[in-house]
Amino acid sequence: FLMNKEMNFNAEMTSEYDRGIRRTFPTYDQLFRIVHAYLNAQLNEESRLLIDGAGGGTELTVFAPNNPGWHFAAVDPSESMLQLAQGKMEQLNLTQQVDFFSGIVQNLEASSFDAATSLLVLHFIEDDEQKLAHLKAIRARLTDGAPFVIAALYGDRESAEFKTIYALWKACWLHTTKLTADQVDKMGETLLSQSILTEDEIRHLLTAAGFRQITNFFKTNLFGAWVCQAQ
């Protein structure tokens with residue numbers, strides 16, 4: 001399962017998301033557990049968090065239940081994905097901890113959050129200037145020193161290493177599903193059509209947006225994640 005560049009989800013895509021993302025990103029759940037542990041170590045019991053790309057609700061369902069004093073601004077451009085997230089929070093009876101916003105961070109009123117996450121969003125923003133504007137908008141809404149966690153597809157797609165990792169990604173799909181090689185190849189074409197940056201390029205954007213102490217803490221296949229602080 002892969003989203004298109006514009007992050008537009010129809011009902012069918014939304015219903016498939018939870019299963020599909022775990023095939024595309026085999027250690028998806030482990031990433032969120034690690035991020036949760038990191039934020040728990042960084043934040044007070046009463047904290048405000050900005051969740052960029054909150055549609056689907058994974059961050060909320062992992063972070064909220066054991067942190068009743070945390071309040072979340074959940075932002076996503078997809079109405080259907082936000083509805084999925086809201087439905088999950090309703091099942092947990094935790095909607096009082098979340099404000100849902102349909103749109104992008106740049107449209108969110110200026111505020112001061114204690115932390116932010118942007119997990120699996122950056123590669124859907126096609127233009128590098130737009131990526132930078134998006135990251136600057138997140139920085140502008142954080143208190144000084146606030147932790148920021150970002151995860152994205154990344155790598156040098158022309159390198160031998162990337163091609164080997166991509167071959168492993170395809171092998172995982174063929175091994176764990178009943179899809180044909182042609183079907184996996186078509187998904188691979190969609191994957192490679194995303195705006196994938198190298199790690200150096202991601203670090204450059206984060207620095208230019210006003211973040212420091214950028215540290216890679218997670219890598220699985222074609223995905224990586226970094227922690228940093230608002231400068």
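Two residues are said here to be in contact, or to touch, when heavy atoms of the two lie within 4.5 Å. This is a predicted model, in which local features need pLDDT of at least 70 and side-chain atom pairs count only at pLDDT 80 or more, while totals for chains, interfaces and linings use all residues. Residues are numbered from 1 along each chain as its sequence is written, and side-chain values use heavy atoms, with hydrogens and water left out.

With that meaning of contact in hand, L108 offers a first place to look: leaving out residues up to four places away in sequence, L108 touches L50, V75, F101, F113 and R141. L108 sits in the loop between β3 and β4 (115-119), where helices (H or I, at least four residues) and strands (E, at least two) are DSSP runs numbered from the N terminus. Because its relative accessible area is 8%, L108 counts as buried, a class that means under 20% relative accessible area, as against exposed for over 50% and partly exposed in between, with a 1.4 Å probe and protein chains only. From L108 to T190, which is 82 residues away along the chain, the C-alpha separation is 30 Å.

Turning to the chain as a whole, there are eight helices and seven strands. The radius of gyration is 17 Å, close to the 17 Å that the globule rule gives for 231 residues, so the chain is as compact as a globular protein of that length; the radius is taken over C-alpha atoms, and the rule is 2.2 Å times the number of residues to the power 0.38. Taken along the principal axes, the box filled by the C-alpha atoms is roughly 50 × 40 × 30 Å. Of the 231 residues, 50% count as buried, and among contacts between residues at least 6 apart in sequence, 71% join residues at least 24 apart.

The surface can be described in a similar way. The chain exposes about 10,800 Å², of which carbon and sulfur atoms supply 48%, the areas coming from the Shrake-Rupley method with a 1.4 Å probe, and for residues only the protein chains shown count as cover. There are 19 positive and 29 negative side chains, and the centres of the two sets lie 5 Å apart; Lys and Arg count as positive and Asp and Glu as negative, with His and the chain ends not counted, and each charge is placed at NZ of Lys, CZ of Arg, CG of Asp or CD of Glu.

W70 and Q97 can be read together. W70 is found in strand β2 (residues 70-76) and is buried, because its relative accessibility is 2%. Beyond its neighbours in sequence up to four places away, W70 touches H36, L39, N40, L43, N44, E45, S47, L49, F63 and Q97. One of these partners, L49, is 21 residues from W70 in sequence, and their C-alpha atoms are 7.2 Å apart. Q97 lies in the loop between α4 (79-92) and β3 (98-102), and at 4% relative accessibility Q97 likewise counts as buried. With the same exclusion of residues up to four places away, the contacts of Q97 are A64, N67, P68, W70, H71 and F72.

In helix α4 itself lies K88, a lysine that counts as buried because its relative accessibility is 18%. The C-alpha atoms of K88 and A181 are 34 Å apart, with their positions 93 residues apart in sequence.

P147 is in strand β5 (residues 147-153) and is buried at 5% relative accessibility. Leaving aside neighbours within four places in sequence, P147 is in contact with Y38, L39, Q42, L43, D114, A115, A116 and C228. P147 and V227 are 80 residues apart in sequence, yet 7.0 Å apart in space from C-alpha to C-alpha.

C228, a contact of P147, is buried with a relative accessible area of 1%, whereas C172, at 27%, counts as partly exposed. A search of the whole structure finds zero disulfides, a disulfide being a pair of cysteine sulfur atoms within 2.5 Å.

The backbone deserves a closing look. Most residues other than glycine have a negative phi. Q213, although not a glycine, has a positive phi of about 50 degrees; Q213 is found in strand β6 (residues 211-220) and is exposed, with a relative accessible area of 53%. N221, also not a glycine, has a positive phi of about 55 degrees and is placed in the loop between β6 and β7 (223-230).
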